[in-house]
Amino acid sequence: MCVESDGCEIEGCSSSDEVRTLSGSMSPGLKSGPDLDLHPCKPGQKFRAALMRCRSPAAAAGILSFGNVLNYMDRYTVTGVMLDIQRYYKVSDSQIGLLQTVFICSFMVAAPIFGYLGDRFKRKVILSGGIFFWSIVTLLSSFISKEYYWLFVLSRGLVGIGESSYSSISPTIIGDLFTSNSRTMMLSVFYLAIPLGSGLGYILGSGAKDAAEDWHWALRVSPLLGMTAGTLILLFVPEPKRGSADQMGGRIQARTSWICDMKTLAKNRSYVFSSFASAAVSFATGAFGTWIPIYLARARVVQKTAEPCIKEVCSSTDSLIFGAITCVTGLLGVVIGAATTRLCRQRTERADPLVCAVSMLGSAIFICLIFVVAKKSIIGAYVCIFIGETLLFLNWAITADILMFVVIPTRRATAVAFQSFASHLLGDAGSPYLIGLISDGLQENYATSSLWQFLSLGYALMLCPFIIVLGGMFFLATALFYLDDREKAEKQLSQLTRSSVKVTSI
């Protein structure tokens, strides 16, 4: 039994603001006692109690992870039918690469705004509003005719704004629901959505296109799922107090200014270097997600195992295979990353950034090999993609956990938002367009040659392994300062808590 804050008796609920705290303990002021004035619940309060029983931290993390899957699935649904879009609108490599660039630019510009809002207002309302917004825009964009490619590009920019709200805020809710290894595990599940959703996006886009024999239907499935996720978030995800999982919930009343937050983050060397490393990962994943299926389709033409696409609906084989590989490697990468980090923490406290650094340096080797073997063997290219992506995806959840350790709870949404802004600004905001631009430049005089179309795109993509190595160097730099910055964050949190206690006592 537990009791609502108005004294109403509710069986099996967990309220207070949520009577059972997220760390599992009962709020002291709401435990049963002879002085409590209990009275029967009203029908509306019983419904609320039923909802509260479903608002467990694990259920909330599951719903938020489902929403993150949909976010990335919607993003890469377009990429899964990129060849069809390119033929439909009759645009060049650089123009089609602009789709992802515009999406990411709007995403990163909106991220700091949502980070500010997420540290100050109800987070789940912002999350669900963002999901409803991008779902509606995606659905409407599927009806844009071929004369208005600029409008289709604009719609992707609006979708980026909606998805930005989710990526900036949702990890901070999980950070306030769990702590220590539990938080690492739940963030691993949450960030598994990045490769899983990306892979499902390719599969959904290609599958819907093949089933309807029209690529427009690829954009009409994820919006329905998105609206479902938005509703689930409103009903079943709690609004935890910031810092509650760190046993500071309810005691942190003092808040630093936004300017102070930004100055502190800029001086946080672990945060800065890990943000640069994230940018390197984003550069590679953005370029790969956009161009690898097209690159492999051109490789098949060069090997004479396929004909150039001249039909209304192009072959989806490489998009489907690449999507499936991304799903599997995402699962393996996140699980291996979490397990490796927990094991290495027993040997060194710098395990988190070191695991990220080693995985990225290893990934660069296999990604470089893709462009060596693709001309002769598609299977060999897929093997290199599998190993390279697995190593690259190791660091998604670990990078988020590094941020949680070196940034205090009341500053985390801002930190996540600006890390997202920086990683996209320096990463996938420009990489798809840049790769397309380099490819167009290289094939300028040989546009009709299938071999040169294949080679020029491969030469452009060779930029990615070098950027990944640079990211590994940034993770090594993070390891140098990680312990100092984590200790500073713990001291800041302690000082903030003591100042809040003094204000409360006064």
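I started with burial: 56% of the chain's 506 residues count as buried. Worth jotting down right away that this is a predicted model.

Next I pulled the total surface. The chain exposes about 20,600 Å² of accessible area, and carbon and sulfur atoms own 66% of that.

Then confidence. The average pLDDT for the chain is 79, and 81% of the residues reach at least 70. I checked where the score drops and found residues 1-38 with pLDDT below 50. In the model, that stretch still has 70 contacts beyond near neighbours in sequence.

Secondary structure was a quick lookup: I got 18 helices and two strands.

I also looked at how far apart in sequence the contacting residues sit. Taking contacts with a separation of 6 or more, 85% are between residues 24 or more positions apart.

Now the surface patch. Which residues form the nonpolar patch on the surface? My list reads Phe133, Tyr148, Trp150, Leu151, Leu154, Leu158 and Ile161, together carrying about 640 Å² of accessible area. I asked which helix gives the most to the patch. That is helix α6, residues 149-177, with five residues.

I picked Trp150 for a closer look, since this residue is in helix α6 and also belongs to the patch. Is Trp150 buried or exposed? Its relative accessible area is 55%, and the cut-off for exposed is over 50%, so I logged Trp150 as exposed.

Note to self on the patch: the entry to remember is helix α6 with its five residues, Trp150 being one of the patch members.

Technical notes:
Residues numbered from 1 in each chain as written. Predicted model: local features only at pLDDT ≥ 70, side-chain atom pairs only at ≥ 80, totals over all residues. Heavy atoms only, no water. pLDDT = per-residue confidence, 0-100. Contact = heavy atoms within 4.5 Å. Patch = residues over 30% accessible without salt bridge, like charges linked within 9 Å, V, L, I, M, F, W, Y side chains within 5 Å. Areas by Shrake-Rupley, 256 points an atom, 1.4 Å probe, with all protein chains shown as cover. Salt bridge = Lys/Arg side-chain N within 4 Å of Asp/Glu carboxyl O. Helix = DSSP H or I, 4+ residues; strand = E, 2+ residues; numbered from the N terminus. Buried < 20%, exposed > 50% of the residue type's maximum accessible area, 1.4 Å probe, protein only.
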